[in-house]
Amino acid sequence: MQIFREKDYEGMSRRAASLIAAQIILKPHCVLGLATGSSPIGAYRRLVEGYQNGELDFSEVRTVNLDEYKGLAPDNDQSYRYFMQDNLFSKVNIRPENTNVPNGLASDDAAECARYDAVIHSMGGVDLQLLGIGHNGHIGFNEPASEFPKDTHCVALTQSTIDANSRLFASPELVPHYAYTMGIKSIMMAHKILLIASGKDKAEIVKKAFFGPVTPEVPASILQLHPDVVLVADEAALSLVEL
Ligand code: GLP
């Protein structure tokens, strides 16, 4: 594992954006696995700047997002599809048909999960998977469990995740309790993984995930077994780790 220790959120975002930009330049038709949450917003902003400066071309890039809330329409401003449109897709020259997010309005969970796995498979897998990390160690919405869920599945969110994400909703009752998420197998099959973490509130889980035992109770700990993981974190998020 390679670790980049950056000063703050801006430094983390700059580094993450550079690594994603390098992937796009190296392979213009790459498949990017993308994440939502507050962690990647700064990196997306820098990628948009790269496009505006003429340094980056997204015309052949294909994307597959990690997850989506069940029950939210794409135009709901709390949906992850909306987040991606707002923070990245509508601001660069990516083709809409090359972007993929699970369908939050699917009526048949099993069919939607199978469809999403088939999409990932048809793209030939993910070249670079961007990940944030939840306070309980979740990646995507793969919550702590007794085993690692392999494929795309519909998950009941834990109370800690519902509480953490309620800050983004008008009221806590509006936070969906279920989500579709890419499974651990699809994440682990990505050629390269880039996990970003910022802030003191992530220090404990960064330590557990990358320096503790590999266990499905801390889903991100499986990344220790991946051959090409880059952790980009700021000083606060790495404050409990001796490097
Ligand atoms: C959500 C998302 C994750 C994200 C996590 C952390 O639950 N499903 O993909 O990594 O939250 O979010 P943040 O970056 O806002 O801390």
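Is K185 buried, partly exposed or exposed? K185 is partly exposed, with a relative accessible area of 39%, and this note on a predicted model returns to that residue when it comes to the salt bridges.

1. On the nonpolar core. The largest nonpolar core holds 61 residues, and within it L47, L88, L194, L195 and L223 touch the most other members. Helix α1, which spans residues 9-26, supplies the largest share of this core, namely six residues. Another core lies apart from it and has 10 residues, including Y69, L72, I162 and A179. As background for a first reading, nonpolar side chains in soluble globular proteins tend to be buried together.

2. On L195 and its surroundings. If residues up to four places away in sequence are left aside, L195 touches L131, G132, I133, I139, F210, L223, V230, L231 and V232. One of these partners, L223, is itself listed with L195 among the core residues that touch the most other members.

3. On the cysteines. The count of disulfides comes to zero, and the pair C113 and C154 shows how such a result arises. The sulfur of C113 has its closest cysteine sulfur in C154, at 6.3 Å, and because a disulfide requires the two sulfur atoms to be within 2.5 Å, this is too far for a bond. The two residues can also be described by their accessibility: C113 counts as buried at 7%, whereas C154 is partly exposed at 27%.

4. On a salt bridge inside one helix. The count of salt bridges comes to seven, and one of them joins the side chains of E112 and R115, with 2.8 Å from N to O. Both residues belong to helix α4 (residues 109-122), where they stand three residues apart, about one turn of the helix. E112 is buried, with a relative accessible area of 6%, while R115 is partly exposed at 36%.

5. On salt bridges between distant parts of the chain. The side chains of D151 and K185 meet in a salt bridge of 3.1 Å, N to O. This pair links distant parts of the chain, since D151 sits in the loop between β6 (128-131) and β7 (153-156) and K185 in helix α6 (residues 184-188), 34 residues apart. D151 is partly exposed, at 33%, and K185 is partly exposed, at 39%. A further salt bridge, of 3.2 Å from N to O, joins the side chains of K192 and D228. Here K192 lies in strand β9 (residues 192-197) and D228 in the loop between α7 (203-211) and β10 (229-234), 36 residues apart.

Notes: Residues numbered from 1 in each chain as written. Predicted model: local features only at pLDDT ≥ 70, side-chain atom pairs only at ≥ 80, totals over all residues. Heavy atoms only, no water. Core = buried A, V, L, I, M, F, W, Y, C linked by side-chain atoms within 4.5 Å. Buried < 20%, exposed > 50% of the residue type's maximum accessible area, 1.4 Å probe, protein only. Helix = DSSP H or I, 4+ residues; strand = E, 2+ residues; numbered from the N terminus. Contact = heavy atoms within 4.5 Å. Salt bridge = Lys/Arg side-chain N within 4 Å of Asp/Glu carboxyl O.
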